[in-house]
Amino acid sequence: MAPTPVTIQTTKANPLYGKFIDLPGAEMGKVVVRFPPEASGYLHIGHAKAALLNQYYQKEFNGKLIMRFDDTNPAKENEHFEQVIKEDLALLKIVPDVWTHSSDHFDTMLKYCEQLLREGKAYADDTDTETMRKEREERKDSANRSNAPEKNLALWEEMKKGSERGQQCCIRLKIDMKSNNGAMRDPTIYRCKNEPHVRTGDKYKVYPTYDFACPIVDSTEGVTHALRTTEYMDRDDQYYFICDALGLRKPYIWAYSRLNMTNTVMSKRKLTWFVDEGHVGGWDDPRLPTVRGVMRRGLTVEGLKEFIRAQGGSRSVVMMEWDKIWAFNKKVIDPVAPRYIALDSSAKKLVPVVVEEQAESKEATVNLHPKDPAVGTKNVFFTKNVWIEDVDAATIKEGGTVTFINWGNLKISGVEKEGGTVTKISAKLDLDNKDYKKTLKVTWIATDDSLEASQTVPVRVAEYDHIISKPVIGKDEDWKAYINFNSLKHIDLQGEPAMKAIKKGDIVQIQRKGYYICDQPLSGDSPLQLIAIPDGSSSKTQTNNAPQNGKGKAEKKKAAGAAPAISSGGSAEESAFGLEIQKF
């Protein structure tokens, strides 16, 4: 049976965010939680939620976080993936108090299994897999269920030797074959696997199942609260049955909803297929939901925490849209992302502007962020010849006044066209005119190559779309039928000289286009390589879809507003308190 719930004191939650359970029985300084991934792959965003939730309670109660590798299956364990997971946790800024392995407790689990066999609470079963599955479905006892303890222990010895006879058997816990809960119908707790383990070598020929190891190791390592997703709830009774059968201290289990994202596959098998088939560039491809992938695409740890904060500790299983997580991320990066100017340099996209009174090139220093001088400054060059984009040039009229961002107002003295297309614009300085309220605003870059410092920067932008075209794929549908094989496109830009300073991992805003993260800095003949960061306003790519000169203002205003709260669901018994992000 589960520990008796205690009265939960609640605090008023921020209505914009989710609800979090105030852990029953939790004492300040005594809470111990754990994150137990299997070292068989890269962490994805669902694992990140689990790890960050555990870290939250570690910090909330000034407790301890155990990082435990679940290495109970020798066929799946890999030292490489252990290192990968450590690196992923470092990316998430998670620092466990203790690092352990389930295999640290193999001897303890062997003794507990033998105890159950001696006490008649478990038995050795040589029933073939298909028959065993059928009997469990039909709630029919195995022929071996009534074996004497002596026979069970003899077969157990064969299993420990890894003999041919031993490999025919498994150990099953004797619970209740008539139970409505399938997890209680005599589950397997030990298997005979005559293969080496990455840490213990050939020492063992038998290995515990995760369901047997979990309550034992949790109890042994002092875990007070075991957080796991709702998909494990049917196994909670089994967890506590094992604790009772062995006389172990029982941790408190709290279930929360698994993170499900639209247009996404999360299974290791499917993600591995994408990598092995070469449909993505690797495990850090920005189209994958791996921790490395989403962070390479520009998702910040703070943005991810804000997203998880909005969900709270809810048990309601919902399908989340990626736009929501990117909207939270935008709230984090917008106040600190330095602003730069870059123009689409595709064929016939750039239109020359001749500033008639700008006889010689000049230089000025301006803030990188309009609202925060602390972000830094950049140098801007004012030259006789500058470029603007064709979409802006098409809206400019002779005699009008246009505001060139970071320069000032210019009076348009001439507009030349060929076949209705603007090919050249002439302008005069009107810098004393400080009225910018109703003027057309354009971004521009200088083109005076005579000054080395003012030379433009070649920029290559990668824009990624969903690699799965359908938001939700049904259980009976072929997921491969919805693969988007055109989920990546590249756009070439010319950037202002200040972009030479952008380093790998820097997040910037290109004005009137969007947010980007630097994948590779400018180097030799290689352009500055940026990845477009979604901002939550649209699932479409952004570089060529930004509102121009006031067009689409309603959509832009809506996108810039506060991200919508995500309903946390949950029961009336759940305690709620606002999750302070700094506690992460």
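Let us start with one residue, R136, which sits in helix α4 (residues 129–138); helices here are DSSP runs of H or I with at least four residues, strands are DSSP runs of E with at least two, and both are numbered from the N terminus. The model is a predicted one, where local features need pLDDT of at least 70, side-chain atom pairs count only at pLDDT 80 or more, and totals for chains, interfaces and linings use all residues. Residues are numbered from 1 along each chain as its sequence is written, and side-chain values use heavy atoms, with hydrogens and water left out.

Is R136 buried or exposed? With a relative accessible area of 25%, R136 is partly exposed, because that label covers values between buried (under 20%) and exposed (over 50%), computed with a 1.4 Å probe on protein chains only. Leaving aside residues up to four places away in sequence, R136 touches R172, M177, G182, A183, R185, D186 and P187, where a contact means heavy atoms within 4.5 Å. One of these, D186, is 50 residues from R136 in sequence, while their C-alpha atoms are 8.1 Å apart in space.

Now step back to the whole chain. The secondary structure of the protein chain comes to 13 helices and 27 strands. Of its 584 residues, 51% are buried. Among contacts with a separation of 6 or more, 73% are between residues 24 or more positions apart.

A good place to look next is an open sheet of three strands, ordered β1-β2-β3 with parallel pairing; two strands pair if DSSP finds at least two bridges between them. At the edges lie β1 (32–35) and β3 (98–101), each pairing on one side only. On average, neighbouring strands of this sheet are turned by 30° against each other, direction ignored. β1 and β2 (residues 64–69) run parallel and are joined by four bridges, and R34 has I66 in β2 as its bridge partner. Helix α1 (residues 45–60) packs on the sheet, touching β1 and β2, and its direction makes about 165° with that of β1. Helix α2 (residues 79–91) also packs on the sheet, where it touches β1, β2 and β3; its direction makes about 150° with that of β2. For these angles, axes are lines fitted to C-alpha atoms, for helices over the stretch in contact, and angles run from 0 to 180 degrees between N-to-C directions.

Why is helix α6 (residues 210–220) described as largely enclosed by the rest of the structure? Ten of its eleven residues are buried, so the rest of the structure largely encloses α6. The buried residues of α6 include Y210, F212 and C214. After α6 comes G222, with a positive phi near 85°.

Finally, let us visit the cavities. On a 1 Å grid over the protein atoms alone, a cavity is a set of points where a 1.4 Å probe fits but cannot get out, and lining residues have an atom within 4 Å of a point. Grid points are joined across faces, edges and corners, and a volume is the space filled by probe spheres set on the points. The structure holds six cavities of 30 Å³ or more. The largest has a volume of about 150 Å³. Its lining has 16 residues, of which N263, T264, R287, L288 and W322 lie nearest the centre. The second largest cavity has a volume of about 70 Å³, and its lining includes I341, F381 and W444.

Technical notes
On a 1 Å grid over the protein atoms alone, a cavity is a set of points where a 1.4 Å probe fits but cannot get out, and a pocket is an open set with protein on both sides within 12 Å along at least five of seven lines; lining residues have an atom within 4 Å of a point.
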